[in-house]
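Q: I have a two-chain model open and would like to learn how to read it. Could you walk me through it, one feature at a time?

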Number of protein chains: 2
Amino acid sequence: MLYFTNHFDTALIDPLLLEKGFEALRYEANSNQVGYYNLPVVSQAFVAEASLLRSEIDKEINTIAIIGIGGSSLGIKAIERLLRPSTPNTKKIIYLENSDPVSIQHEISEIDPKRTLFIIVSKSGATIETLSIFKYLIVIFTLIVKDSEQILVISDEDSILSRFADENHLRRFVIPHNVGGRFSVLSAVGIVPLTIAGFDTQKLLLGAQSFLESFWSRKEDHLLQKSAYYVSNSERFPINVLFAYSDMFEEFGKWMVQLWGESLGKRNRNGERVGLTPIALIGSVDQHSFLQLIIDGPLNKTVTFMHIAHSMEELMIPKLSLKYLEKSDFLNDHSFNELINAQCMATMQSVIEDGVSVDEILWSQINEQTVGKMVIYYELLTSASGALFEVNTYDQPGVELGKQILANHFKN
Amino acid sequence: MLYFTNHFDTALIDPLLLEKGFEALRYEANSNQVGYYNLPVVSQAFVAEASLLRSEIDKEINTIAIIGIGGSSLGIKAIERLLRPSTPNTKKIIYLENSDPVSIQHEISEIDPKRTLFIIVSKSGATIETLSIFKYLIVIFTLIVKDSEQILVISDEDSILSRFADENHLRRFVIPHNVGGRFSVLSAVGIVPLTIAGFDTQKLLLGAQSFLESFWSRKEDHLLQKSAYYVSNSERFPINVLFAYSDMFEEFGKWMVQLWGESLGKRNRNGERVGLTPIALIGSVDQHSFLQLIIDGPLNKTVTFMHIAHSMEELMIPKLSLKYLEKSDFLNDHSFNELINAQCMATMQSVIEDGVSVDEILWSQINEQTVGKMVIYYELLTSASGALFEVNTYDQPGVELGKQILANHFKN
């Protein structure tokens, strides 16, 4: 279960904004303009297909190498990191993302090409980092591409990468045309690699679907409230912080940053620059870093506190009193999980008292269902906020100029 | 070498602010109120002492476990990550930071207690995560603390942790009273563990010292310009982005975020909330994430582009043309290092054209000297900005309330 509490002043929100947000999302879903709403149902076919593939290759393949960047890796990493501790017998996943030569060299040193399935993920099919790394892998590992069982492609139906896959008779999975990269984690992009690795993606999709149904039946209006509050106060609070209490949220935070930043940072229909700046923090670590700025710095941030009620690790702080260190004994015989939850609650209380707009998301525990729900929660929150900003939530026009400059640099 | 270029409009800066910043720093250093300015010289004694220790334990110990959080781990991690690829024969370093039970369990599974040196780092000596984890390690590994050669303490001279160390005859290193946690990486905090691990900390300190001397002789006024520009435009540009093009900057970015956020996010002498919000991004990865928001979102950010001219890995994109993927062939026979540098320059140009305030930091290469220089650069930039904001750059009063609430929670 997930428990959502908005501690900010909901009385200040225009109730019409909730309706505007809800209607916009219903329209996007019903008109089929935006495809991610259907993924929890549609992607179930991939679970079956990828499970079959998993059983075929299970003996030879122990590693999956994802060659992809941005929306083609962040969501997979986020889910893997959250579910890995409770799913020990899964295949290793290696990510080749950045054009950084030091990283590429390091990741490659971890790959045994005979026992690795290479999954090339690119929605457009033309991502320059992904294609360059793929070419490098072909040469360095002397991969024979034609008819290879070890290379799998996930891309748009008619992309150049898909044509390349067909030309070489590679296994290929399709990202629906109406699903953008940063909304694609529950499409083949996430479901195929995670299923092959051994994660229970069926439950992930069921969790996502159940949250969606709950949202459509107006049982999750806290989400519409939050998006209305964020957008109507975007000039006062241009920064939205996610303060998540577990290292397992590190990649989830990066996924959220892409989703939020790239979807909302746009020109609106009047050509005005709008958007909200996402920041992902980890508790309790960032209590020793960023927290001071939240508490005493400018009141230009909202903060979402996220924590986990039941941890899979029940580590106890021992009943041990050390001379001169007795000051720490008040925690003796309590668990680290109690400590981190208490740190979250104490910090939240202190931040609220300082006048900051706060909301809280409590996970009963981390499992496939709750992770699926949380993915859909953030996607819906983003879509609702985009609708209220009156931007195109699903494109990314700003990053094209840099690509042109890059290509010109090498062509001249 | 490091090359600094301010692309923002320096003509708009009041030249008196440069003098105000410089004089404030000179006063802090000369009056000995702030101690980090002396560390490049003072800490050379630790290099000698820790080198000797290293040679004594070299055969038995292959792992260093740092038990510390915030200023007691971020700087060590930042330097380790940057220098690790070019310093292969160093001891493994494991960090026990967060009160997250899943992380603690995972890190502990990597430790062979017989071959590990445990270094407990806490300036105040009373950090609750650090003491709780230390107690857990004592029990789980049945460590005998008294007279242990395997436990080393780094703390303030008269902290409770230092008294505990003396009581048990443990090796102990002192953090000077006038050096704050987030400014302490060049004190024993960073120098002792990194020297024992096998890094050339002598060169690190020499690099830092040479930058300091250059700054004091007014050859680095670009730094004072930048701090004057940031502080005088803090309402227009409340967010400062560091866009660093290599995965090796991941931990450096977190170190910078603590330094900048916790030092400047304060009440000023009039009780007003001031501060600047730091964000650390990695290129090219975050070109596929946060960049859209910089380009089309609100113009409320400055951006520092950081990149490395010469990489230690000379990986070439092969001369390989694949049918349907010819679009990527313009990079054939170029190196990944050329690609990532060109991506940085192209993005920077595009961001400048969009009216964003930009500066550029180019590393000739990553080595001990340049890392030492960069550490001091960011510390000086922070101190100068704190002086112009008229805040106490070196305290963190805001985080105390949460600690009290936490203690009360368990005591009641």
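A: Sure. Let's start with a cut-off: a residue is called buried when its relative accessible area is under 20%, exposed when it is over 50%, and partly exposed in between. Keep in mind that this is a predicted model.

Q: Let's try that on A:V356. Where does A:V356 lie, and is A:V356 buried or exposed?
A: A:V356 sits in the loop between α13 (336-353) and β12 (357-363) of chain A. Its relative accessibility is 7%, so it counts as buried. Leaving out residues up to four places away in sequence, A:V356 touches A:I294, A:L299, A:K301, A:V303 and A:V351. For a sense of scale, A:S148 is 208 residues from A:V356 in sequence and 55 Å from it in space, C-alpha to C-alpha.

Q: What about chain A as a whole? How many helices and strands does chain A have?
A: Chain A has 15 helices and 12 strands. Its C-alpha atoms fill a box of roughly 65 × 60 × 45 Å along the principal axes. A compact globule of 412 residues would have a radius of gyration near 22 Å, and chain A agrees because its own value is 22 Å.

Q: How much of chain A is buried, and how much area does chain A expose?
A: Of its 412 residues, 65% count as buried. Chain A exposes about 14,600 Å², with carbon and sulfur atoms supplying 51% of that. You can also look at the contacts: among those joining residues at least 6 apart in sequence, 77% are between residues at least 24 apart. As for charge, chain A has 35 positive and 50 negative charges, and their mean positions are 4 Å apart.

Q: Now for the pair. How are the two copies related?
A: The general idea is that two copies of a chain are related by a rotation about an axis and a shift along it. Here, a turn of 180° and a shift of 0.0 Å along the axis lay chain B on chain A with an RMSD of 0.0 Å. The two copies are therefore related as by a two-fold rotation axis. To find that axis on the screen, go to B:I279: of the residues of chain B, its C-alpha comes closest to the axis, at 3.8 Å.

Q: Which surface do the copies meet through?
A: They meet through the same surface, because 100% of the interface residues of chain B are also interface residues in chain A.

Q: Can you show me residues with contacts across the two chains?
A: Try B:L322, in the loop between β11 and α13 of chain B. At 11% relative accessibility, B:L322 counts as buried. Neighbours within four places aside, B:L322 is in contact with A:F134, A:K135, A:I138 and A:F164. Another case is A:Q343 in helix α13 of chain A, buried with a relative accessible area of 2%. Again skipping residues up to four places away, A:Q343 touches A:Y245, A:S284 and A:Q287, plus B:S99, B:I128, B:E129 and B:L406.

Q: What should I look for in the backbone?
A: Most residues other than glycine have a negative phi, and most peptide bonds are trans. So go looking for the exceptions. The peptide bond from A:G283 to A:S284 is cis, with omega near 0°, and A:S284 is in the loop between β10 (277-282) and α12 (291-296) of chain A. In chain B, a cis bond joins B:G283 and B:S284, with omega about -5°.

Q: And phi? Where do B:R218 and B:D333 lie?
A: B:R218 is in the loop between α9 (201-216) and α10 (221-232) of chain B, and its phi is positive, about 60°, although it is not a glycine. B:R218 is partly exposed, with a relative accessible area of 28%. B:D333 lies in the loop between β11 (301-308) and α13 (336-353) of chain B, with a positive phi near 70°. At 44% relative accessibility, B:D333 counts as partly exposed too.

Q: Last one: how many residues of helix α8 of chain B are buried?
A: In α8 (residues 188-197), 10 of the 10 are buried, so the helix is largely enclosed by the rest of the structure. Among them are B:V189, B:I191, B:P193 and B:T195. Right after α8(B) comes B:G198, with a positive phi near 115°.

Conventions:
Residues are numbered from 1 along each chain as its sequence is written. Chains are lettered from A and ligands numbered from 1 in the order in which they are written. This is a predicted model: local features need pLDDT of at least 70, side-chain atom pairs count only at pLDDT 80 or more; totals for chains, interfaces and linings use all residues. Side-chain values use heavy atoms; hydrogens and water are left out. Buried means under 20% relative accessible area, exposed over 50%, partly exposed in between (1.4 Å probe, protein chains only). Helices (H or I, at least four residues) and strands (E, at least two) are DSSP runs, numbered from the N terminus. Copies are superposed by least squares on the C-alpha atoms of residues with pLDDT of at least 70 in both. Contact means heavy atoms within 4.5 Å. The radius of gyration is taken over C-alpha atoms; the globule rule is 2.2 Å times the number of residues to the power 0.38. Accessible areas come from the Shrake-Rupley method with a 1.4 Å probe; for residues, only the protein chains shown count as cover. Lys and Arg count as positive and Asp and Glu as negative; His and the chain ends are not counted. The place of a charge is taken as NZ of Lys, CZ of Arg, CG of Asp or CD of Glu.
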